[in-house]
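Subject: Handover of a structure and summary of findings

Dear colleague,

Please find below the structure that I am handing over to you. A summary of what was found in it follows, for your consideration.

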Amino acid sequence: MLKVKNLEVYYGLIKAVRGINFEVKEGQIVSLIGSNGAGKTSTLQSIVNDVKKTGQITFNNKDISNLKTHKIIQNHIALVPEGRRCFQNLTIEENLRMGAFNNDDKYEELQEEMFKLFPRLVSKKGQLAGTMSGGEQQMLAIARALMSSPKLLMLDEPSLGLAPKIIGELFETIIRLKEEGITILLVEQNAFAALEISDWAYVLENGEVALEGKGSDLVHSDEIRAKYLGA
Ligand SMILES: Nc1ncnc2c1ncn2[C@@H]1O[C@H](COP(=O)(O)OP(=O)(O)OP(=O)(O)O)[C@@H](O)[C@H]1O
């Protein structure tokens, strides 16, 4: 579904991503794991053309490397950014409406689906996003991304700063989205939880793919356990 070839990202003289290749197969959960600064966020941002890059990105065999970000979203790829970035001074409903910029005619129907997926948001729909808890803002950020009807949903560190119980709910939601047919590209510091639910995973180190494999295999690999799982 998504193919990334020879991707490089530079920030001035810093080479953050060094010619990586990877793919995401339709219907799967694929994770990118790796330590701080490995290049995970830059990789996701380059897929939605939000950073300067070289290389080729194709989505369902269409070259999207040079499309503008809003066109990429219209091609059914959505990114839930690190730190959620909900519009703090807008209500939940208004945040959802912003997410549906390409889907105005389906707004009511989609909003109803979001409230079914995240019932906790219903009673708060008139509340300003900035006054909600971290977990609620993460739900809203995911719901806002889903309002564009993505076929590929990319999540950048969704568990960051959340309580363990909420992290459990979040991972259940990710599995449910996969069951509903959405393909997931997940970036996580919480490597153990990510590998457990991933069909395939890539380990990034210093801007390069150091290792790849089935999530269920990597979770048992001694190297991965020592480096990323604190075991
Ligand atoms: N806007 C920027 N300007 C300069 N350097 C940047 C910028 N964004 C990222 N970098 C650098 O690029 C490298 C990769 O960063 P990136 O955020 O992609 O990694 P990451 O794996 O997502 O890390 P983290 O888990 O800490 O977010 C790092 O060395 C980082 O300092």
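Of the 231 residues of the protein, 41% count as buried. Please bear in mind throughout that this is a predicted model.

**Overall form**

The protein contains nine helices and ten strands. Its radius of gyration is 17 Å, close to the 17 Å that the globule rule gives for 231 residues, so the protein is as compact as a globular protein of that length. Taken along the principal axes, the box filled by the C-alpha atoms is roughly 45 × 40 × 35 Å. Among contacts with a separation of 6 or more, 66% are between residues 24 or more positions apart.

**The sheet**

Six strands form an open sheet in the order E6-E7-E8-E3-E9-E10, and the pairing is mixed. Strand E6 (77-80) and strand E10 (208-213) are the edge strands, each pairing on one side only. From one strand to the next, the twist averages 15°. As general background, strands of a sheet pair through backbone hydrogen bonds, either parallel or antiparallel.

At one edge, E6 runs parallel to strand E7 (residues 152-156), and four bridges join the two. Two of the residue pairs may help you to find the register: Ile-77 has Leu-152 of E7 as its bridge partner, and Leu-79 has Met-154 of E7. E7 is also joined to E8 by five bridges, again in parallel. Here Met-154 stands opposite Leu-185 in E8. Met-154 thus serves as a reference point on both sides of E7, with Leu-79 as a bridge partner and Leu-185 opposite.

E7 is mostly covered, with five of its five residues buried. In a regular strand the side chains alternate between the two faces of the sheet. In E7, Leu-152, Met-154 and Asp-156 point one way, while Leu-153 and Leu-155 point the other way, and all are buried.

Two helices should be viewed together with this part of the sheet. Helix H5 (residues 134-146) lies across E6 and E7 and runs at about 165° to E6. Helix H6 (residues 164-179) packs on the sheet, where it touches strand E3 (29-33), E7 and strand E8 (183-187). The direction of H6 makes about 150° with that of E8.

Further along the sheet, E3 and strand E9 (residues 200-205) run parallel and are joined by four bridges. Within this pair, Val-203 in E9 is the bridge partner of Ile-33. E9 then pairs with E10 in the antiparallel sense, over five bridges, and Val-203 stands opposite Leu-211 in E10. The strands E9 and E10 form a hairpin with two residues between them. In its turn, Asn-206 has a positive phi of about 45°.

**The ligand shell**

Which residues lie around the ligand? They are Tyr-11, Ile-14, Ala-16, Gly-34, Asn-36, Gly-37, Ala-38, Gly-39, Lys-40, Thr-41, Ser-42 and Gln-189. By character, the shell divides into four nonpolar, seven polar and one charged residue. Strand E2 (14-24) and helix H1 (40-47) each supply at least two residues of this shell. The largest share, three residues, comes from H1.

H1 deserves a closer look in its own right. Eight of its eight residues are buried, so H1 is largely enclosed by the rest of the structure. The buried residues of H1 are Lys-40, Thr-41, Ser-42, Thr-43, Leu-44, Gln-45, Ser-46 and Ile-47. Just after H1, Asn-49 takes a positive phi of about 55°.

**A residue away from the ligand shell**

Is Glu-223 buried or exposed? This residue, which lies in helix H9 (residues 222-228), has 11 other C-beta atoms within 10 Å. A residue counts as exposed if that number is 12 or fewer, so Glu-223 is exposed. Its C-alpha atom is separated by 27 Å from that of Ile-14, and the two residues are 209 residues apart along the chain. Ile-14 is one of the residues around the ligand.

Yours sincerely

Technical notes. Residues are numbered from 1 along each chain as its sequence is written. This is a predicted model: local features need pLDDT of at least 70, side-chain atom pairs count only at pLDDT 80 or more; totals for chains, interfaces and linings use all residues. The radius of gyration is taken over C-alpha atoms; the globule rule is 2.2 Å times the number of residues to the power 0.38. A residue is buried if 20 or more other C-beta atoms lie within 10 Å of its own, exposed if 12 or fewer, and partly exposed in between; C-beta atoms are placed from the backbone. Two residues are in contact if their C-beta atoms, placed from the backbone, lie within 7 Å. A residue is near a molecule or strand if its C-beta atom, placed from the backbone, lies within 6 Å of it. Ala, Val, Leu, Ile, Met, Phe, Trp, Tyr, Cys and Pro count as nonpolar, Asp, Glu, Lys and Arg as charged, and the others, Gly among them, as polar. Two strands pair if DSSP finds at least two bridges between them. Axes are lines fitted to C-alpha atoms, for helices over the stretch in contact, and angles run from 0 to 180 degrees between N-to-C directions.
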